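Here are my notes on this one, in the order I'd go through it with you. Have the model open while you read.

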Amino acid sequence: MAFNNEKRWKEELLPGGHGLMVRGYLPVINTLAKGLDVHLNHRVTKVVRRYNGVKVTVENGKTFVADAAVIAVPLGVLKAKIIKFEPKLPDWKEAAIADLGVGIENKIALHFEKVFWPNVEFLGVVAETSYGCSYFLNLHKATGHPVLVYMPAGQLAKDIEKMSDEAAANFAYTQLKKILPDASDPIHYLVSHWGTDINSLGSYSYDEVGKAHDLYERLRVPVDNIFFAGEATSMDYPGSVHGAFATGLMAAEGCRMRVLERYGELDLFQPVMGEEGCVSVPLLISRL
């Protein structure tokens, strides 16, 4: 399979600005999963592809067999080779996985008794080096709750992950005191560990210096009856929920066509999201 490395890449921005899913993504997931047989807490260890189907094995030894499969795990999981593919993935696919970068941006949520900060979207931490720069997201502006979320990225995020949750929260609070010396103590805190979480091993994909941008497309291209989706497979919108969702739709269509080619029966596909096939999601989105 040949790829053109001469394509010039120009960043595209989605209209509408950034939005905060106030209730999280669970309403979206529940609606899209309506009518589907979903198995939670089944970490995949092996994917075997055959001419007539795919067999997926999970940690407890249980197996699932299907005509096709969509691989939508985070790029960090693919890079760590937690999932074994039999036969092995083609060299061009493994090269795409190896050459794409994985970045980290964690969240340290600090919950306070009352608001003592200005009604702005972000509170920035400016330093002499990029290592010391970070910011706080003001959740009170979007949700009404007295919560600030510290967002360390890059090497700083990696170093903070080595701390205990208490130490990480104290570090975030120390940064806040540099901006607001009279800040009150937090009453609760919550710390993410996207870089070391076995189910993510990173936060988002990015272009490494000197590497081709078409690596995203190489990662998306199917291998036989295995289709790939996720933000790291989106040429136009990598690192975004939009990119992940759009590539998921493409992978699902690929699976549908694969089954149609094998069985040739349209009746196999019934609407799973309501009788009319429409999606109604109770969303609460705050535009930042």
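**Notes on the predicted model**

1. Confidence first. This is a predicted model, with a chain mean pLDDT of 87 and 86% of residues at 70 or more. The weak spots include residues 1-8, where pLDDT stays under 50 and the model has eleven contacts beyond four places in sequence. Residues 268-281 also stay under 50, with 19 such contacts. Where pLDDT is low, the coordinates shouldn't be read in detail, so I'd leave the contacts of these two stretches out of any argument.

2. Now the sheet. Five strands make an open, antiparallel sheet, ordered β9-β10-β11-β8-β12. β9 (122-125) and β12 (188-191) each have a single partner strand, so they are the edges, and one side of each has no neighbour in the sheet. On average, neighbouring strands are turned by 20 degrees against each other, ignoring direction.

3. Zooming in on one pair: β10 and β11 run antiparallel and are joined by three bridges. If you want a landmark there, Phe-136 stands opposite Tyr-150 of β11.

4. What lies across this sheet? Helix α6 crosses β8, β9, β10, β11 and β12. Its angle to β8 is about 70 degrees.

5. Helix α5 (residues 154-161) is worth a look next. Leu-156, Ala-157, Ile-160 and Glu-161 are buried there. They sit on the same side of α5 because their arc around the axis is only 135 degrees. The spacing fits the textbook picture: an α-helix has 3.6 residues a turn, so residues three or four places apart point the same way. As for what covers these buried residues, the list includes β8 (108-111), β10 (134-138), β11 (147-150) and α6 (165-179). Do note that a glutamate, Glu-161, is among the buried residues.

6. Helix α3 (residues 91-99) can be read in a similar way. Which of its residues are buried? Trp-92, Lys-93, Ala-96 and Ile-97 are, and an arc of only 140 degrees around the axis puts them on the same side of α3. Their packing partners are α2 (75-79), α7 and β14 (226-228).

7. Last, a histidine. His-213 is in the loop between β13 (204-206) and α7 (215-220). Is His-213 buried or exposed? Its relative accessibility is 11%, under the 20% cut-off, so His-213 counts as buried. The His-213 side chain also reaches the backbone oxygen of Met-235, at 3.0 Å.

Conventions: Residues numbered from 1 in each chain as written. Predicted model: local features only at pLDDT ≥ 70, side-chain atom pairs only at ≥ 80, totals over all residues. Heavy atoms only, no water. pLDDT = per-residue confidence, 0-100. Contact = heavy atoms within 4.5 Å. Buried < 20%, exposed > 50% of the residue type's maximum accessible area, 1.4 Å probe, protein only. Helix = DSSP H or I, 4+ residues; strand = E, 2+ residues; numbered from the N terminus. Arc of directions from axis to C-beta. Pairing = 2+ DSSP bridges. Axes fitted to C-alpha atoms, helices over the stretch in contact; angles between N-to-C directions. Polar contact = N/O pair within 3.5 Å; in protein donor to acceptor, adjacent residues only side chain to side chain.
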